[in-house]
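Here's a quick briefing to read with the structure open beside you. Have a look at the fold first, then go through the points below.

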Amino acid sequence: MKSSSHTISLLAVIYLSLIFIPVACAEPVTIQYFHQKGCHDCEITDPIVDRIEAQYENMVISKIETSTADGFNQWNKYGFLEVPAIVINNET
């Protein structure tokens with residue numbers, strides 16, 4: 001139950017963030033999407049993130065695998081406790 005609510009919350013944040021992005025925005029929106037192989041919630045959100053990336057031209061999504069040393073260090077600097085997690089324009 002906690003995982004499902006976490007996943008729904010993550011998707012709601014992504015969706016609401018996209019609503020407030022102006023269509024003619026000069027600066028690209030950057031999203032860091034932290035995920036991990038074998039994570040059930042990530043398996044659900046990965047295809048959704050792929051569709052969002054394909055739908056919006058002015059958006060750059062970096063998919064960061066937290067099971068690598070570099071990915072873990074990036075994820076850890078934000079103080080996240082679980083994956084999936086996102087950072088939009090360097091804001092948590």
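What follows covers the sheet, the crossover and the salt bridges.

Keep in mind that this is a predicted model. Its 3 strands form an open sheet, ordered β2-β1-β3, with mixed pairing. A whole-structure search turns up 2 salt bridges.

**Sheet**
- β2 and β3 (85-88) sit at the edges of the open sheet, each pairing on one side only.
- Neighbouring strands here are turned by 20° against each other on average, ignoring direction.
- β1 (residues 29-35) runs parallel to β2 (residues 59-65), and the two pair over 7 bridges.
- To get the register, look at V29, whose bridge partner in β2 is M59, and at Q32, which has S62 as its partner in β2.

**Crossover**
- Helix α2 (residues 40-55) joins β1 and β2 in a β-α-β unit, and that unit is right-handed.

**Salt bridges**
- D50, E53 and K63 are linked in a salt-bridge network.
- K63 pairs with D50, with the closest N and O atoms 2.1 Å apart.
- Since K63 belongs to strand β2 and D50 to helix α2, this pair ties together parts 13 residues apart in sequence.
- K63 also meets E53 in a salt bridge, at 3.6 Å from N to O.
- That second pair links helix α2, home of E53, to strand β2, home of K63, across 10 residues.

**Exposure of the network**
- K63 is partly exposed, at 38% relative accessible area.
- D50 counts as partly exposed at 37%, and E53 counts as partly exposed at 28%.

Note on methods:
Residues numbered from 1 in each chain as written. Predicted model: local features only at pLDDT ≥ 70, side-chain atom pairs only at ≥ 80, totals over all residues. Heavy atoms only, no water. Pairing = 2+ DSSP bridges. Helix = DSSP H or I, 4+ residues; strand = E, 2+ residues; numbered from the N terminus. Right-handed = clockwise from strand over helix to strand, strands pointing away. Axes fitted to C-alpha atoms, helices over the stretch in contact; angles between N-to-C directions. Salt bridge = Lys/Arg side-chain N within 4 Å of Asp/Glu carboxyl O. Buried < 20%, exposed > 50% of the residue type's maximum accessible area, 1.4 Å probe, protein only.
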